[in-house]
Amino acid sequence: MGSEPIVLGIETSCDETGVGIVRGSTLLADTIASSVEEHARFGGVVPEVASRAHLEAIVPTVERACATAGITLRDVDAIAVTAGPGLAGALMVGVASAKGLALSLGVPLYGVNHLASHVAVDIVEHGPLPEPTMALLVSGGHSSLLLVEDVTEQITSLGSTIDDAAGEAFDKVARVLGLPFPGGPHIDRAAREGQVTIDFPRGLTTGRDLERHRFDFSFSGLKTAVTRWVQAREEAGETVPVADVAASFQEAVVDVLTRKAVRACLERGVEHLQIGGGVAANSRLRALAQSRCEDAGIELRVPRPGLCTDNGAMVAALGAELLRRGRTPSVLDLGTDSSMPVTQITG
Amino acid sequence: MLILGIDTSTSAISAAVSDGCGLAVSRAVLDPRGHTEHLAPTIAAVLAEAAAAPADLCAIAVGVGPGPFTGLRVGLATAVTMGLALGIPVHGIGSLDALALQVAEHHTGEVLVATDARRRETYWARYAVAPGLVDPLTEPAVALPADLPEEARSLPVAGRAALLYPAAFGDPVHDADGQPVLDVDAAAVIALVRQGLASGKALPVQARYLRRPDALTTAERMSR
Ligand SMILES: [Zn+2]
């Protein structure tokens, strides 16, 4: 085991500075410095605030990750880094840092796709990735349904959001309900105290919409419906049943997500579904996905919540897989691509 | 003592290596939006030209700005991670100070350094210079060219703002080849680090942004 290569991964595509260290397929460290509290003052992620925080955090985070893993940087055999998609300025801090390390240590550099990393992280959690796998990635930044035939080379996007990301909808509805940012965990908690009493709209699930946007998502109409419903109660002088609204909204989101994901598996003959991204931490999404997958005979894989949100371990995991499969490293003039398509797995 | 110099605060992505006694290599790529792509290859190129390996370096000198944020951070992030990986110190130098030192080779007296801060503004500071010597007369600041003090605007000027806003400023200072001094050369950053270390000055690696992020806090939005 000791002879397996060690890969250090850096993730700075949004507001978390993540550094992960993997030996082979064993996770040695997953260290995060988050600027989320700073962003909370602004009511959302501010790109420039995130970029400044990444620069401040990068050295201490690498140091903490090495200490946790019980290694020194000289033990590292390759560096992996998110090259996109994400916030351009934030990505640049990560890529520049990764190059600084790779150049100094004389080891290969892999610029990788953030979305592919969300899929690859399950290798360090549940072992080798069954291929093909269907991956549902849901967070504040993405809502994607991906057909993964080879996590290092062949990923197809079957669908994505046509407006808001799923996590964004959680944030916006939380604001409407007077719950703090980030909205996901607060809505989940509130929903547990409530009942699904309101039938909010399910975007892109019927008729022509379903034909044209078979595996796409839309959460903007749902968000508007919740806002109108709450406003109507407020204008009528009634108290808003926050827990019930949260539960009903959450049900609408996870119903569409799981329904489309399971349908994609069945239509493409894929027997494994993986869920990743921050919204994968949602307890109702996990429960409904579990029961629908069981009914359909599909194996559900969901990494633990800490590995579903953005982190460095996922980047290290994909880097280790690229190294294991002998893929060509990136060149030193690697750039960033804030809208990197998922079909492009390495930079 | 072999030092690597880095500066990404201007349109030039600049890297240099020098040992302080004869060996001096400096290279720059001009690409105002290409700092991420060009810096590491430029560092690799100066090291190769100096026949040095990263492990031969004793320290890193980096320009800490002010400069357009995104590019500036590329230099800083590269410098601090190289320092960490190589186990060597990283020293920071004000990027406008470095430009002033470049001017000092060709001019004695007071100069204005004024670089492109985008949004039609300039990062600027006044200096008294003489060959090899730089004495800052003001702190670096950011302003519209027309808002600089009259006595500053009439001085000989270095930096890209001289080209961008010729009406607002005095005559550009030219180098030995008759070219205006526009962008930071990492060799000047190294030279200032050597001066600073010799005089026992603290050289913190702290980005100089001079502007706060463009965003209002929820509290500020409410109070409008
Ligand atoms: Zn993500």
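Start by selecting, in chain A of this predicted model, the elements that cover the buried residues of helix α11(A), which include β6 (133–138), α10 (242–268), β9 (272–276) and β10 (299–301). With these displayed, add α11 itself, residues 283–296 of chain A, a helix of 14 residues that reaches 20 Å from its first C-alpha to its last, close to the 20 Å expected at 1.5 Å a residue. Colour A:Leu285, A:Leu288, A:Ala289 and A:Cys293, which are the buried residues of α11(A). If you turn the view to look down the axis of α11(A), these buried residues fall within an arc of 130°, so they line one face of the helix. An α-helix has 3.6 residues a turn, so residues three or four places apart point the same way. On the face of α11(A) turned away from the buried side, select A:Glu294 and A:Asp295, which are exposed.

Next, move to helix α9(A), whose 16 residues reach 22 Å from the first C-alpha to the last, close to the 22 Å expected at 1.5 Å a residue. Here the residues to colour as buried are A:Leu222, A:Lys223, A:Val226, A:Trp229 and A:Val230. Seen down the axis of α9(A), they too lie within an arc of 130°, and therefore line one face of the helix. The other side of α9(A) carries A:Arg228 and A:Glu235, both exposed, while the cover over the buried residues includes α6 and α10 of chain A. Just after the end of α9(A), stop at A:Gly237, where phi is positive at about 75°.

Keep α9 (residues 220–235) in view and add α6 (residues 166–176), also of chain A, since the axes of these two helices come within 10 Å and cross at roughly 5°. That crossing angle makes α6(A) roughly parallel to α9(A). To show the contact, select A:Lys172, A:Val173 and A:Val176 on the α6(A) side, together with A:Lys223, A:Val226, A:Thr227 and A:Val230 on the α9(A) side. Of the residues in this contact, four are nonpolar, one is polar and two are charged.

From α6, follow chain A into the loop between α6 and α7 (183–192), where A:Pro182 is found. The bond to inspect is the one joining A:Phe181 and A:Pro182, a cis peptide bond with omega of about -10°. Further along, in the loop between α7 and α8 (207–212) of chain A, select A:Leu204, which has a positive phi of about 55° although it is not a glycine. This leucine, A:Leu204, is buried, with a relative accessible area of 9%. As background to both stops, most residues other than glycine have a negative phi, and most peptide bonds are trans.

Now turn to chain B and select B:Pro66, in the loop between β4 (59–63) and α2 (69–86); the peptide bond that leads from B:Gly65 to B:Pro66 is cis, with omega near 10°. In the loop between β6 (109–116) and β7 (122–130) of chain B you will find B:Arg118, a residue other than glycine whose phi has a positive value near 60°. B:Arg118 is partly exposed, with a relative accessible area of 29%.

The last stop is B:Pro204, in the loop between α6 (186–198) and α7 (218–222) of chain B, which counts as exposed at 55% relative accessibility. Leaving aside residues up to four places away in sequence, B:Pro204 touches B:Val64 and B:Gly92.

Conventions
Residues numbered from 1 in each chain as written. Chains lettered and ligands numbered in written order. Predicted model: local features only at pLDDT ≥ 70, side-chain atom pairs only at ≥ 80, totals over all residues. Heavy atoms only, no water. Axes fitted to C-alpha atoms, helices over the stretch in contact; angles between N-to-C directions. Helix = DSSP H or I, 4+ residues; strand = E, 2+ residues; numbered from the N terminus. Parallel < 35°, antiparallel > 145°, perpendicular 65-115°, else oblique. Contact = heavy atoms within 4.5 Å. Nonpolar A, V, L, I, M, F, W, Y, C, P; charged D, E, K, R; others polar. Expected span 1.5 Å × (residues − 1). Buried < 20%, exposed > 50% of the residue type's maximum accessible area, 1.4 Å probe, protein only. Arc of directions from axis to C-beta.
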